[in-house]
Amino acid sequence: MTLIKGPRGRVSKKKPIIEKVETVSVERSYAENNLAMQLFGSYHAHLAHIEQALGGVIYARGNHITISGSKRSVDLICEVLDGLYGRLKGGQLIDLSEVATAIRMVSAPIKKGGGMPSSKIYNRYISPRTSNQTEYLKAINALKLVFGQGPAGTGKTYLAIAMAVEQLVSGVVDRIILSRPAVEAGEQLGFLPGDMREKVDPYLRPLYDALYQMLPESQVVKKLESGEIEIAPLAFMRGRTLANAFIILDEAQNTTSVQMKMFLTRLGKNSQMVVTGDLTQIDLPNGVESGLHNAMNTLNQVEGVKFINFDESDVIRHSLVARIVNAYSRFQNQNKLKKTPNGE
């Protein structure tokens with residue numbers, strides 16, 4: 001309470017101005033009961049998590065909910081629930097980590113140019129869930145060469161393959177080419193049983209896994225047999241010109257500078273490339289510079305090339321993964337400080 005001196009020296013009391021926050025209420029009903037139960041979570045755990053993070057009150061009864069609170073809180077809660085329900089309708093499961101990611105997305109709105117609509121590929125919704133993911137997809141849509149660098153679980157490869165599948169299905173490109181360097185194999189390939197494909201397939205398995213999440217198994221098999229989808233080690237790219245294709249190089253931190261230049265110069269007419277990697281997980285011999293690191297230094301001023309750097313905030317796997325990545329980053333930074341002259 002503020003004391004104010006009046007015209008005759010008398011002191012009067014001025015009551016503080018209390019800003020009233022308007023309370024609004026919104027109702028939502030979900031047609032599919034089983035999806036509503038998954039959305040709400042066991043014992044309404046998901047709803048409780050959303051309430052705690054965004055404010056407001058969510059009252060659920062059956063497949064019907066009432067959301068009350070400030071207009072901003074109610075709007076954010078509705079955005080989170082609508083987004084999660086859309087993912088459930090697209091055939092995806094959600095857990096608390098998915099809920100936390102959705103909350104983070106609406107709490108930290110995308111700064112540049114707004115969001116990007118979801119893509120639907122064989123009844124599966126694919127959409128960016130962080131600002132960097134949105135910038136990544138926008139860059140892939142606009143440019144012929146995009147680099148995605150950052151820790152595991154940030155969706156670099158998954159989103160690139162999703163874009164590739166979308167372009168293949170819509171007829172923008174004739175084929176998808178997925179490649180990885182088989183660094184761990186080296187000269188030991190000759191000692192492994194089977195033909196060349198059987199020897200290198202274990203190193204390419206993550207790419208197969210991502211494809212099977214995008215397309216029905218029968219479609220993946222059919223497109224692999226027809227050559228519409230090709231999965232091959234990096235060495236198989238030499239001497240080729242890749243036209244009318246969407247080309248992805250994964251684990252690019254394990255390429256040498258020579259290999260990276262060889263790969264990038266394969267780009268042909270009506271093709272585009274996405275290069276992904278994590279500079280904290282280089283498996284090259286000591287003294288060998290990573291081709292990804294070299295490319296980032298060499299091409300950063302080249303027009304038509306875009307670099308997207310992901311960080312711990314973009315990790316969309318289990319929430320524990322983000323904490324693990326963060327812990328390793330802190331540990332590495334501490335070691336760097338110890339190695340500096342001032343840190344000795």
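Which residues does V274 touch, not counting residues up to four places away in sequence? Keep that question in mind as you go through these close-up views of a predicted model.

**View 1. The whole chain sets the scene for the close-ups.** Before zooming in, take a moment with the fold as a whole. Its secondary structure comes to 11 helices and 13 strands. The chain has 344 residues, and 42% of them are buried. Among contacts with a separation of 6 or more, 69% are between residues 24 or more positions apart. About 19,500 Å² of the chain is exposed, and carbon and sulfur atoms supply 52% of that area.

**View 2. V274 sits in strand β12 and is buried.** Here is the reply to the opening question: V274 touches Y136, I140, V146, A160, F246, I247, I248 and L249, leaving out residues up to four places away in sequence. The relative accessible area of V274 is 0%, which means that it counts as buried. Look for I248 too: V274 and I248 are 26 residues apart in sequence, yet their C-alpha atoms are 4.8 Å apart in space.

**View 3. T276 is another residue of strand β12.** T276 is buried, with a relative accessible area of 0%. Which residues is T276 in contact with, leaving aside its neighbours within four places in sequence? They are Y136, G148, K156, T157, L249, D250, E251 and A252. Two of these contact residues, K156 and T157, are also among the buried residues of helix α6. Another, E251, gets its own close-up later on.

**View 4. Helix α6 runs from residue 156 to residue 170.** You can check the length of this helix yourself. At 1.5 Å a residue, its 15 residues should span 21 Å, and the C-alpha atoms at its ends are 22 Å apart, which agrees. Is α6 largely enclosed or largely open? Of its 15 residues, 11 are buried, so the rest of the structure largely encloses α6. The buried residues are K156, T157, L159, A160, I161, A162, M163, A164, V165, Q167 and L168. Just after the helix comes G171, with a positive phi of about 85°.

**View 5. Helix α3 covers residues 71-89.** Try the length check again here. With 19 residues at 1.5 Å each, α3 should span 27 Å, and its end C-alpha atoms are 27 Å apart, so the two values agree. The buried residues in α3 are S73, V74, L76, I77, C78, V80, L81, L84, Y85, R87 and L88. As you follow that list along the helix, a general point helps: an α-helix has 3.6 residues a turn, so residues three or four places apart point the same way. Now find G83, which is also in α3. At 36% relative accessibility, G83 counts as partly exposed. G83 and V99 are 16 residues apart in sequence, and 9.7 Å separates their C-alpha atoms. Just after α3, G91 takes a positive phi of about 95°.

**View 6. Helices α1 and α2 meet at an angle.** Helix α1 covers residues 33-40 and helix α2 covers residues 45-54; their axes come within 5 Å and cross at roughly 50°. The two helices are therefore oblique to each other. On the α1 side, Q38, L39 and F40 meet A45, H46 and L47 of α2. The residues of this contact divide into 4 nonpolar, 2 polar and no charged.

**View 7. E251 and N270 each have a positive phi without being a glycine.** For E251, phi is about 55°. You will find E251 in the loop between β11 (245-249) and α9 (257-264). With 24% relative accessibility, E251 counts as partly exposed. The phi of N270 is also about 55°, and N270 lies in the loop between α9 and β12 (272-277). N270 is partly exposed as well, with a relative accessible area of 37%.

**View 8. P285 belongs to the loop between β12 and α10 (291-298).** Is P285 buried or exposed? At 52% relative accessibility, P285 counts as exposed. Its partner in this view is N254: P285 and N254 are 31 residues apart in sequence, and their C-alpha atoms are 9.6 Å apart in space.

Notes: Residues numbered from 1 in each chain as written. Predicted model: local features only at pLDDT ≥ 70, side-chain atom pairs only at ≥ 80, totals over all residues. Heavy atoms only, no water. Helix = DSSP H or I, 4+ residues; strand = E, 2+ residues; numbered from the N terminus. Buried < 20%, exposed > 50% of the residue type's maximum accessible area, 1.4 Å probe, protein only. Contact = heavy atoms within 4.5 Å. Areas by Shrake-Rupley, 256 points an atom, 1.4 Å probe, with all protein chains shown as cover. Expected span 1.5 Å × (residues − 1). Axes fitted to C-alpha atoms, helices over the stretch in contact; angles between N-to-C directions. Parallel < 35°, antiparallel > 145°, perpendicular 65-115°, else oblique. Nonpolar A, V, L, I, M, F, W, Y, C, P; charged D, E, K, R; others polar.
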